[in-house]
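Dear colleague,

Please find below the structure that I agreed to pass on to you. My notes on it follow directly after.

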Amino acid sequence: MATILLSAAGAALGAGFGGTVLGLSGAVIGRAIGATLGRALDQKLLGAGSDAVEVGRVERFRLTGASEGAAIGQVWGRMRVAGQVIWATEFAESSATSGGKGAARPRVTEYSYSVSLAIALCEGVITRVGRVWADGQEVETNTLNMRVYRGTESQLPDAKIAAVEGADQAPAYRGTAYVVIEDLDLGAFGNRVPQFNFEVMRRAQGAFAEALTDVSTSVQGVALIPGTGEYALATTAVHYAEGPGVNRSANVNAPSGKTDFATSLGQLREELPNCNAVSMVVSWFGDDLRCGSCLVQPKVEQVQFDGAGMPWRAGGIARAQAAVVAQVSRRPVYGGTPADQAVVEGIRALVAAGKQVMFYPFILMDQMAGNTLPDPYGGAAQAVLPWRGRVTTAKAAGVVGTTDRTAGAAAEVAAFFGMAQPGDFSVANGLVSYSGPAEWRYRRFILHYAHLCALAGGVEAFCIGSEMVGLTQIRGAGDSFPAVAALRVLAGEVRAILGSNVKISYAADWSEYFGLQRDGNRYFHLDTLWADSNINFVGIDNYMPLSDWREGEDHADAGWGSIYNLDYLKANVAGGEGFDWYYNGPEGEAAQVRLPITDGAHSEPWVYRYKDLKSWWSLVHRERIGGVRSLVPTAWVPGSKPIRFTEYGCAALDKGTNQPNKFLDAKSSESSLPKYSNGRRDDVIQQQYLRAMNEFWGDVANNPVAVSYTGRMLDMGR
């Protein structure tokens with residue numbers, strides 16, 4: 001086409017000049033010139049003719065290099081850095097030729113390029129490299145032939161650099177963290193080297209350096225949350241087929257192409273290399289703070305679409321039979337209960353990774369705003385998304401009309417636990433089925449997962465409950481504690497299902513584990529559970545305060561200089577509020593009027609100190625009913641079993657150590673800032689909290705060696 005058009009245009013242009021050259025008219029000459037140009041253009045555009053066509057050839061490349069004497073970046077914590085190219089090979093050119101037969105099929109040669117390069121990240125030593133971006137787009141590191149050098153003083157030269165430069169000429173770049181990307185295919189980047197960015201994790205140096213260094217190596221156990229998400233624990237990729245050609249991934253949300261669980265497990269291995277214990281949290285949902293009316297059941301996020309490759313099933317039912325979690329703006333406020341198969345896959349993957357798994361059942365309450373449920377505590381309606389620790393009798397102790405201390409309270413507790421029996425469950429074809437009473441109650445929850453953990457091959461430990469404070473403190477007739485008795489029964493049944501090697505316990509709240517003070521009485525209400533032969537350790541969810549810090553320089557603790565002072569925080573692990581003193585109400589707290597914790601009658605102040613773990617663990621317990629100290633101790637045998645912190649931690653919030661149990665969740669009535677916090681993010685206080693806890697309890701003077709068993713009072717390894 002260009003040949004025709006340009007020859008015609010050339011003839012017209014030549015005719016305009018008139019005259020002849022060598023006997024040829026201007027029109028003829030113009031037509032010849034136009035045709036020649038048009039033929040060349042046609043060959044390029046349409047492949048006409050037999051001339052060779054070259055595609056993608058690059059004459060010159062540019063690299064972002066490091067100038068002599070340029071500064072090497074420093075990184076603290078987690079940062080995204082670009083780095084500098086410190087070494088590169090020549091560009092390797094490859095070509096592939098096709099076509100070439102006949103004038104209509106020109107010979108086409110396509111060129112591609114690759115390069116190997118080393119990119120300095122920062123002054124070493126780093127923990128790891130996380131995500132990688134090329135030209136702003138995240139790429140999976142598995143698609144890059146990338147090696148990471150952490151910046152140690154003993155690292156050796158890279159093999160590729162040594163092969164190119166010679167073994168005696170290859171630098172090791174000791175003290176510098178860098179990556180080597182070998183044979184990077186540039187085709188995906190337009191035959192050029194993209195701009196790389198790297199997510200770098202590095203332990204801090206300088207201020208608070210030791211805190212961050214110690215945390216990465218001293219943390220030995222983590223709780224795997226949020227405990228919801230229908231396929232969050234699966235190692236199999238699952239998607240929802242929402243229509244022809246419309247698939248939505250359920251559990252693959254990272255460029256790794258791996259499931260979220262597998263990706264997280266890899267990060268755990270790299271960031272906390274000494275973490276060998278994982279609590280697997282799995283949630284069912286409660287719908288009422290009145291224990292006698294509360295259903296406990298698995299729920300899903302939606303019922304329209306099932307997971308392709310892993311149909312949802314939990315608690316003995318399929319998706320179509322399941323209730324849907326509460327929603328706001330047509331979106332679920334929680335993820336759904338993890339599918340049974342996902343739980344099995346998660347347990348097996350953790351065990352294969354060398355982790356000791358503790359199964360940790362969790363009740364999430366899903367009452368929403370506008371509910372008309374009667375409030376046990378006397379409110380107009382039950383709170384929004386409340387804490388499971390608030391489940392109690394229909395009218396809580398102290399409220400007019402309560403059944404507390406009567407047979408009626410025991411009946412309410414019995415209704416909460418339900419009638420499911422171990423024999424109501426069967427395991428076949430990789431499924432746990434249920435054939436017992438048609439009810440959604442607590443025993444069904446726990447017994448189902450005992451069977452599921454056995455199906456998965458077993459776990460290191462199994463909790464029969466967690467933080468059911470309001471329930472365990474319910475008193476029946478004669479000051480009995482019916483929920484504690486019911487938990488003991490469950491412990492024996494779980495033991496029969498899982499065998500003698502599995503450690504069994506209950507995860508008590510830090511305000512619950514040591515006893516109950518009510519109506520002038522001092523009970524050790526959980527002692528029969530802790531002493532039970534089927535219970536192997538005392539579980540405590542430990543969120544005890546480590547500070548009482550205020551703004552300014554005139555508050556009671558200002559002499560410590562800073563809330564970050566490690567000695568200050570360690571002094572409050574077994575000291576300060578809850579050990580040495582207490583506040584008698586909001587007015588006393590505001591004025592910091594600290595009243596000493598004493599016991600003039602029997603010289604046992606430790607019975608009122610929730611922080612005095614050593615005394616609680618190592619001494620006999622005697623209850624005080626009606627002001628009279630019992631001559632007969634409780635069932636607890638001093639020093640007989642280890643303690644585990646089934647949870648502990650601190651929010652990364654300003655003054656988080658004032659109240660480590662506080663968190664922010666705009667949907668929940670439990671959302672609250674720690675006392676006197678301004679609400680700003682503060683990673684350092686979280687790190688200092690962890691360091692203070694690990695250093696304090698790592699000292700044998702604070703954590704004595706046991707006599708009745710092998711180990712210390714507190715098992716920080718789990």
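In these notes, two strands count as paired if DSSP finds at least two bridges between them. Helices (H or I, at least four residues) and strands (E, at least two) are DSSP runs numbered from the N terminus. This is a predicted model, in which local features need pLDDT of at least 70 and side-chain atom pairs count only at pLDDT 80 or more, while totals for chains, interfaces and linings use all residues. Residues are numbered from 1 along each chain as its sequence is written, and side-chain values use heavy atoms, with hydrogens and water left out.

**An open sheet and the pocket beside it in these notes**

Strands pair through backbone hydrogen bonds, either parallel or antiparallel. One open sheet here consists of four strands in the order 4-12-8-9, with antiparallel pairing. Strand 4 (77-81) and strand 9 are the edge strands, each pairing on one side only. On average, neighbouring strands of this sheet are turned by 25° against each other, direction ignored; the axes behind such an angle are lines fitted to C-alpha atoms, for helices over the stretch in contact, and angles run from 0 to 180 degrees between N-to-C directions. Within the sheet, five bridges join strand 8 to strand 12 (residues 196-202) in the antiparallel sense. Arg-128 has Met-201 of strand 12 as its bridge partner.

Arg-128 also appears in the second largest pocket: together with Gly-130, Glu-140, Thr-141 and Glu-270, Arg-128 lies nearest the pocket centre among the 28 lining residues. The elements that give two or more residues to this lining are strand 8 (128-134), strand 9 (137-139), strand 10 (146-149) and helix 5 (260-271). Helix 5 gives the most, with eight residues. The pocket holds about 650 Å³ of space. For pockets and cavities, a 1 Å grid is laid over the protein atoms alone: a cavity is a set of points where a 1.4 Å probe fits but cannot get out, a pocket is an open set with protein on both sides within 12 Å along at least five of seven lines, and lining residues have an atom within 4 Å of a point. Grid points are joined across faces, edges and corners, and a volume is the space filled by probe spheres set on the points.

By class, the lining of this pocket comprises eight nonpolar, nine polar and eleven charged residues. Here Ala, Val, Leu, Ile, Met, Phe, Trp, Tyr, Cys and Pro count as nonpolar, Asp, Glu, Lys and Arg as charged, and the others, Gly among them, as polar.

**Cavities**

There are two cavities of 30 Å³ or more. The largest has about 60 Å³ of space, and its lining divides into seven nonpolar residues, one polar and one charged. Helix 15 (residues 683-698) gives the most to that lining, with three residues. Among the lining residues are Asn-542, Lys-611, Tyr-689, Met-693 and Trp-697.

The second largest cavity has a volume of about 40 Å³. Its lining has seven nonpolar residues, no polar ones and one charged; Arg-388, Cys-294, Phe-416 and Ile-363 are among the residues there. Ile-363 also lies 5.3 Å from Trp-284, C-alpha to C-alpha, although the two are 79 residues apart along the chain. Trp-284 belongs to strand 16 (residues 277-286) and counts as buried because its relative accessibility is 0%. Buried means under 20% relative accessible area, exposed over 50% and partly exposed in between (1.4 Å probe, protein chains only).

**Helices 8 and 10**

The end C-alpha atoms of helix 8 (residues 442-455) are 20 Å apart, which agrees with the 20 Å that its 14 residues should span at 1.5 Å a residue. The expected span is 1.5 Å times one less than the number of residues. Helix 8 is mostly covered, with twelve of its 14 residues buried, including Arg-443, Arg-444, His-448 and His-451. Just after helix 8, Gly-457 takes a positive phi of about 110°.

Helix 10 (residues 482-498) has 17 residues and reaches 24 Å from its first C-alpha to its last, close to the 24 Å expected. Twelve of the 17 residues in helix 10 are buried, among them Pro-482, Glu-493 and Arg-495.

**Two hairpins**

Strand 26 (residues 425-428) and strand 27 (residues 431-434) run antiparallel and are joined by four bridges; Phe-425 has Tyr-434 as its bridge partner. Two residues lie between these strands, and in this hairpin Asn-429 takes a positive phi near 55°.

Strand 14 (residues 239-243) and strand 15 (residues 246-249) also pair in the antiparallel sense over four bridges. Gly-243 stands opposite Val-246, and in this hairpin, with two residues between the strands, Gly-245 takes a positive phi near 75°.

With kind regards
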